[in-house]
Amino acid sequence: MGLLSDPNRRKALTGLLTRLNTPICIVCYLAGIVWFMGLAFEPFTLRTYMSENAMGSTMVEERFSSGERALSLAKEFDAHKRKAGGMPVEWLVKAMQSRGLEVFTQSFSRKLPFPDENKERYMVRGTNVYGILRAPRAPRTEALVITAPCSPGNTNNQAVALLLALAQYFRNQIYWAKDIIFLVNEHDLIGTQAWLEGYHHTNITEYISGSLRGRAGSIQAALSLELSSDVITSLDLVLEGLNGQLPNLDLANLFYAFCQKLGVLCTIQGKLQRNDWDTAEGYTHAAQTMMLMVLKQACGRSWGDHGLFLRYHIEAASVRGINSFRHYKTDATTIGRLLEGMVRKLNNLLERLHQSYFFYLLPSLSRFVSIGYYMPAFGLLAVILLLRALDLWVHLGAPALAAVDGVTEAEQPSSPGVLTVLTPVVISHLTGVALYLLPVHLQEMAVEHFPVSETEAVVLTAIAIYTAGLALPHNTQRLLSGEGTEQGWKVLKLTALLYLAVLLGCTALINFSLGFILAVTLVPITASITPALYAVVMVLLSPAFTILYCVFIYQELIEAPVSVSEGWMLFLSVISQGILDHALYGSLVYPLLALFIYPCWLMFWNILFWN
Amino acid sequence: MAAPLTLLLIVAVTIRAVLFRSSLAELISARVEVVSPLNAWKRVVEGLALLDLGVSPYSGDVFHETPLMIYLFHFTVDYAEIVFIVSAYFFRKQKYALESDRYSADCLELLRSPKEMFYIPLKVAMFYLLNPFTILSCVAKSTCGLNNAIIALFIFCTLKGSALLSGILLALATYQSIYPLTLFAPALLFFLQRLYIPVNLRRSSFWFFTLQYAFMYVGSLVVITGLSFFLLGSWDFIPSVYGFIFSVPDLTPNIGLFWYFFAEMFEHFRLFFSCVFQINVFFYTIPLSIKLKEHPVFLIFMQIAIISIFKSYPTVGDVALYMAFLPAWSHLYRFLRNIFLVSCVLLACSALFPVLWHLWIYAGSANSNFYYAITLLFNFGQVKVFTTTWLTNCEWKNRWRNKVSLFINLY
């Protein structure tokens, strides 16, 4: 480390960094944004390829032909569903048993912390039905799962029926090396979570469920099927899971390979791939697809029933059938063949999918961006925080460096006590804890005193605490009398910058999209904050507003733009969904924002009102 | 001084008590960075259970604590939390006491104002008690806290000048984990300096005192080992404790350097590499003692740092031990180069340990290389702290010598 030990060179380097600090930061920020947007440009991406040998070199000839029978079964399932008013458990059990599966049921119940207004449920009680197809000649150590949700109304009848038809077809084949579990879950994600917890004997959330009586070994992969019409025009692949976790890219490659083979149109984020990457429309199309994936990954919820499997190290993806206005339609037999092919390839796996990437972004189904390409975009944003911190350190240390060899050392001019920095930190974190705990705990009290429903009470309490936090600096300044030295806010800024850098770094490692989106809004404002900055700018780039902007951008990207009031209602529902996801499935976005990002932002807010 | 100290103590005890009662305690006591197979509370409980059943606690290769430790907990197992908080208190008390009269032998006060000197004990106590590493270690009920307390008591007795007590406590510390053996040299040098015996291999007074001190040390070690034998009735504990420390059979990932290496190598070379790694810990004693023979307290600090970086099963409690000493050398702060970068590296690594563990074990998206990379970076940061302090000390000594000679020449 000659560069850093030689005092002259070191002084020159630090001098350069402090003189050119602001230009370097601006260049880094712009470079980071341009790098990120450039990721969607096709020459900068790589074509997807199958990495797992066991899945690539085998030929599969699909022979599934009972598509019509599946459709008639769908009508029967629908009729029984209406009669039972929910999940027709006896009919399903009998249907699976007649197809030669070992059938088991699991009943579960869960009381949500507050009513879910999107799905209109509060006290959830349901039953999962699953049938195990035992591998005829293999030891029962590994399993695959195919699941279809039992949804109310007209949705997903064809999915369950296709599941049963596939089960009947699979039962007659002899080449299965893994057990196959056909799962029909009720109440979508809640049922899946209860089943997974019962299967793995874990207790992450407070479900009350019976333990599973039938097991099939360690699950290697899972596929979730959502099909609501007799014919479809395209199949959509959903990859984003809980906390932004993605399945192994090989699963997406497998799906794409089979769609090519069977001639089925496949989409991702609902968008079809385009070939004209060198035109502006082509590029914007790819960029929109990638941005949709980033936004979906950032919000940390599971966008399909598969998302909860990922946490147990089970590679899973959701396949959704879409019926839109195109000429070319695909029937149920082809979808059955596609699933048969995929499951047969997964059957050939010798070990879990691990060869391909776990961290990637998809501008289209045949192109991907790996972590090595997208992380530098985040790195450029994080380095701004470090440069600013270094700059502050040099400025703070300058008076001490002046008295380098004096026997009488020059006292640092009113060096700030630890208390001036510690107080804002402690108070900010206490506010964060309040933001995390109080909305759910105070909902009964809020409902008593105000004419709002429970959900609205929770969300409005959260917003109220968030806004109340903005008023804190005035009060803390009044408490600490005689503070507010020039050094004080610089030390606080240094601490807060390092804290934010570590926080964003850890977030980006686990969920890159969340880390990047937070970095894009937080880094410029925090790097340039001084007591003289306008408070409005700070508020407009706060985490809550970031969520609001993301809501509007998301609506624009899915081609369903909303007005301001609708956007606001969506924003409120996003907050309530976030809190519910955390309580029900253990999503980490809400605790991260409430307990770490918001206090960090509050520390910077304190700097604005220094003095 | 008493008031801020009491306040500090109250705050530290409150934080520990709050964390003990919360649900985080179980989470923390399972973290590999905080507990190791040598000092995990879970294993102590296992050993106690085996003892109650009348079986040797060392059967089953789970328990690796010394017999005295198990008997200590046999009587205080219900009050385990209090024991740990009390040991933290003792540690603080020793630190405080030792700092207030440390410089009676050194004449280095001239370069610091008396006001600063006054606050050093408080800073040391703060650095230890409020260090997140120590709090985590205490909440996890890792016996590392007790080991730290014994080492602190040893340093205290050494500085107070009582050779017998110092020998006994050093023997106790060595008995717990072998590495404090290297602290024999700095303690000896301190006593020699204090009694004005020159370190000259030809003088009989030097040998006389060395033999005296060695006799006290070895004697207490023999007594303690014999006592353990009589307590448990067998020599089982020697292979289980000391054999375990030296041969490193358990390769659970931790913040040390051993696990990844030993997981990768062939059985054939295992003996060779364990010898090399273990020699690495003891090797630096002689050169450092020769170089730092006039500054035995700084030597103690250096030795503790080396032990906690290169020992076979380090935990964050060991790291906290030598970090707590840093304020004692606050006069070096001004000359510390790159301290900002190094502390950023250490901070980032401490935050990244649980993240990469989660990605490796739970999400399955990473593998052991990621975790070992952070381990390497963490140890690199520690080594940087160590070398920076060492170099700064040398530079400061040179400046001081120049100043003094200048001073003397003027008059």
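**Entry 1: a patch on chain B**

I started with Val11(B), which comes out partly exposed at a relative accessible area of 32%. I'm working from a predicted model, so I read everything below with that in mind. Val11(B) sits in helix H1 of chain B. I then asked which residues share a nonpolar surface patch with Val11(B). They are Leu7(B), Ile15(B), Met126(B) and Leu130(B), and the patch covers about 360 Å². Patch members need over 30% relative accessible area, so Val11(B) gets in with its 32%. Helix H1, residues 2–21 of chain B, supplies the largest share of the patch, with 3 residues.

**Entry 2: annotated spans in chain B**

I pulled the "transmembrane region" annotation from the unreviewed UniProt entry; among the spans it lists for chain B are 241–262 and 338–363. I looked at how those two are built in the model. Residues 338–363 of chain B are 92% helix with 0% strand, and their end C-alpha atoms are 35 Å apart. For residues 241–262 of chain B I get 55% helix and 0% strand, with 19 Å between the end C-alpha atoms.

**Entry 3: a covered helix**

Next I checked helix H17 of chain B, residues 316–324. How many of its residues are buried? The count is 9 of 9. The buried set includes Asp318(B) as well as Val316(B), Leu321(B), Tyr322(B) and Met323(B).

**Entry 4: aromatic pairs**

I ran the ring search over the whole structure and got 62 aromatic pairs across all chains. One of them is Trp601(A) with Trp605(A), a stacked pair at 5.4 Å centre to centre and 20° between the planes. Both tryptophans belong to helix H22 (residues 589–608) of chain A, 4 residues apart, which is about one turn of the helix. Are they buried or exposed? Trp601(A) is buried at 1% relative accessible area, and Trp605(A) is buried too, at 4%.

I also noted Phe272(B) and Phe273(B), an edge-to-face pair with 5.2 Å between centres and 70° between planes. Phe272(B) counts as exposed at 52% relative accessibility, while Phe273(B) is partly exposed at 26%.

Still in chain B, I found a cluster linked by ring pairs. Its members include Trp259(B), Tyr260(B), Trp357(B), Trp360(B) and Phe378(B). I matched two of these to Entry 2: Trp259(B) belongs to the cluster, and the annotated span 241–262 covers its position. Trp357(B) is another member, and its position is in the span 338–363.

**Entry 5: strand S8 of chain A**

I moved to strand S8, residues 234–238 of chain A. All 5 of its 5 residues are buried, so the strand is largely enclosed by the rest of the structure. In a regular strand the side chains alternate between the two faces of the sheet. Here Ser234(A), Asp236(A) and Val238(A) point to one side, Leu235(A) and Leu237(A) to the other, and both faces are covered.

Which strands does S8(A) pair with? One is S10 (residues 315–322) of chain A, antiparallel over 5 bridges, where Ile322(A) is the bridge partner of Ser234(A). Another is S9 (residues 266–268) of chain A, parallel over 3 bridges, with Cys266(A) opposite Leu235(A).

**Entry 6: an open sheet in chain A**

Last lookup: 3 strands of chain A make an open, antiparallel sheet in the order S1-S12-S11. Strands S1 (46–47) and S11 (360–364) are the edges, each pairing on one side only. S11(A) and S12(A) (residues 367–370) pair over 3 bridges, and Leu361(A) stands opposite Val369(A).

Technical notes: Residues numbered from 1 in each chain as written. Chains lettered and ligands numbered in written order. Predicted model: local features only at pLDDT ≥ 70, side-chain atom pairs only at ≥ 80, totals over all residues. Heavy atoms only, no water. UniProt positions renumbered as here; feature names shortened; annotations may be inferred. Helix = DSSP H or I, 4+ residues; strand = E, 2+ residues; numbered from the N terminus. Patch = residues over 30% accessible without salt bridge, like charges linked within 9 Å, V, L, I, M, F, W, Y side chains within 5 Å. Areas by Shrake-Rupley, 256 points an atom, 1.4 Å probe, with all protein chains shown as cover. Salt bridge = Lys/Arg side-chain N within 4 Å of Asp/Glu carboxyl O. Buried < 20%, exposed > 50% of the residue type's maximum accessible area, 1.4 Å probe, protein only. Pairing = 2+ DSSP bridges. Phe/Tyr/Trp six-rings, centres within 6.5 Å; stacked < 30°, edge-to-face > 60°.
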